[in-house]
Amino acid sequence: MEPIIFYGVPSGCSLASVIASEWLGQPYHLVRIEMMDKWPQQFAQVNPRMKTPAMLTAHGDSLTESLAILQHIGQRGAATGLGFAPGTPDADRLASMLSYLVTDLFAAFAPLWKLYDAGIDDPAVKPVLRKYGEDSVRAEYAYLDQLLDGRNWLLGGTRPTVADAYLFAIGRWAEYHKVLTLEEGYPNLARYMRKLAQDPAVRFALDIEANGTAHSSGGFRGHLSITQLDMSKASFTSTLAAA
Ligand SMILES: N[C@@H](CCC(=O)N[C@@H](CS)C(=O)NCC(=O)O)C(=O)O
């Protein structure tokens, strides 16, 4: 079967898995999850934690967690430098970068998402969460800005890897939450985000997120409805999904 990526809107971290799938250039399908609505119950069979992204691989296995999905896509694209063959120094560098992004950078936004999702109005809690989130985000953006000084891509090199797909997906959140403006104080990150925003795969993923439709120059073979999928054939290799 062709792999299926389950992506969430609005503004999900799963945008990275869509960008990376486009960069890979091999056939794949998408399933859209409206995260603010009631989630389809069938999705629990792909990811019982009810989080996106999730994937059904070409073998019909469920794969959860951005890091695992991006490593999977990257390894399939090792020949072109989207990821790297396991056991190589480059693969170690990519694993290290992805780990940083999915833990420290993602976690910096947690208080802001908590405020957004839960609509917290308690005056004793709201400013504390806001300040903690803003300080954490600024610290990580300062680190990333320094890292990108003189570099086109997160790992250096001449082409983006799956780590760049993830940084683009998360990097837009600071402005989404009105924490900062990249152009003011983060010039390298601003240049990097501007350049990626022009990339055809990134534009495709943003259009898909916004409108549910877009022109693919990669391997997109269309959306599937989750109700069309025969989940009974999916097998769960993910430790989290099997729990
Ligand atoms: N550790 C997971 C986190 C996934 C996650 O939290 N996804 C968010 C969107 S960015 C989600 O599905 N949120 C919906 C919810 O928590 O209800 C990963 O890295 O894939």
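Before I begin, one definition: when I say cavity, I mean a set of grid points where a 1.4 Å probe fits but cannot get out. What I am showing is a predicted model, and I will go through its enclosed spaces, then its domains and the pocket, and finally three buried residues.

Let me start with the cavities, of which the structure holds two of 30 Å³ or more. The second largest cavity contains about 40 Å³ of space, and the residues that line this cavity are Tyr 7, Gly 8, Ser 14, Leu 15, Val 18, Ala 205, Ile 208 and Glu 209. At least two lining residues come from each of β1 (4-9), α1 and α9, with α9 making the largest contribution, at three residues. Sorted by class, the lining of the second largest cavity consists of five nonpolar residues, two polar and one charged.

For the largest cavity the volume is likewise given as about 40 Å³, and around that space we find Pro 3, Ile 5, Ser 21, Leu 24, Gln 26, Pro 27, Tyr 28, Met 55, Ile 73 and Arg 76. Here α1 (15-24) and α2 are the elements that each supply at least two residues, and the lining is made up of seven nonpolar, two polar and one charged residues.

Turning now to the overall arrangement, the chain is divided into domain 1, which takes in residues 4-81 together with 201-242, and domain 2, which covers 89-199. Taken over C-alpha atoms, the centres of domain 1 and domain 2 are separated by 21 Å, and the contact draws on 22 residues from domain 1 and 25 residues from domain 2.

Where, then, does the largest pocket lie with respect to domain 1 and domain 2? Both domains give residues to the lining of the largest pocket, and therefore this pocket lies between them. The space in the largest pocket amounts to about 850 Å³, and of the 26 residues that line the pocket, Cys 13, Lys 51, Thr 52, Phe 106 and Trp 173 are the closest to its centre. Two or more lining residues are given by each of α2 (66-76), α3 (89-108) and α4 (110-118). By class, the lining of the largest pocket comprises 15 nonpolar, six polar and five charged residues.

The largest share of that lining, five residues, belongs to α4, and I would like to stay with this helix for a moment. Its buried residues are Pro 111, Leu 112, Trp 113 and Leu 115, and these buried residues of α4 pack against α3, α5 (126-147) and α7 (173-176). Just after the helix, Gly 119 adopts a positive phi of about 55°.

I come now to the individual residues, beginning with Arg 172, which sits in the loop between α6 (162-171) and α7. Is Arg 172 buried or exposed? Its relative accessibility is 16%, so Arg 172 counts as buried, given that the cut-off for buried is under 20%. The side chain of Arg 172 is joined to that of Glu 209 by a polar contact of 2.8 Å, and Glu 209 is also one of the residues lining the second largest cavity. Setting aside residues up to four places away in sequence, Arg 172 touches Ser 11, Gly 12, Leu 15, Tyr 141, Met 193, Leu 206 and Glu 209.

Next is Ser 216, in the loop between α9 (200-211) and β5 (220-223). With a relative accessible area of 17%, Ser 216 is buried as well. Which side chain makes a polar contact with the side chain of Ser 216? The partner is Glu 22, at 2.9 Å, while the backbone nitrogen of Gly 218 lies 2.9 Å from a polar atom of the Ser 216 side chain. Beyond its neighbours within four places in sequence, Ser 216 is in contact with Glu 22 and Phe 204.

The last residue is Leu 63, which belongs to strand β4, residues 61-64, and which, at 15% relative accessibility, counts as buried. Leaving out neighbours within four places in sequence, the contacts of Leu 63 are with Ala 54, Met 55, Thr 57, Ala 68, Ile 69 and His 72; of these, Met 55 also appears in the lining of the largest cavity. Between Leu 63 and Pro 53, which are 10 residues apart in sequence, the distance from C-alpha to C-alpha is 9.0 Å.

How values were computed. Residues numbered from 1 in each chain as written. Predicted model: local features only at pLDDT ≥ 70, side-chain atom pairs only at ≥ 80, totals over all residues. Heavy atoms only, no water. 1 Å grid on protein atoms, 1.4 Å probe; cavity = no way out; pocket = protein on both sides within 12 Å on 5 of 7 lines; lining within 4 Å. Points joined across faces, edges and corners; volume = space filled by probe spheres on them. Helix = DSSP H or I, 4+ residues; strand = E, 2+ residues; numbered from the N terminus. Nonpolar A, V, L, I, M, F, W, Y, C, P; charged D, E, K, R; others polar. Domains from an automatic or database assignment. Buried < 20%, exposed > 50% of the residue type's maximum accessible area, 1.4 Å probe, protein only. Polar contact = N/O pair within 3.5 Å; in protein donor to acceptor, adjacent residues only side chain to side chain. Contact = heavy atoms within 4.5 Å.
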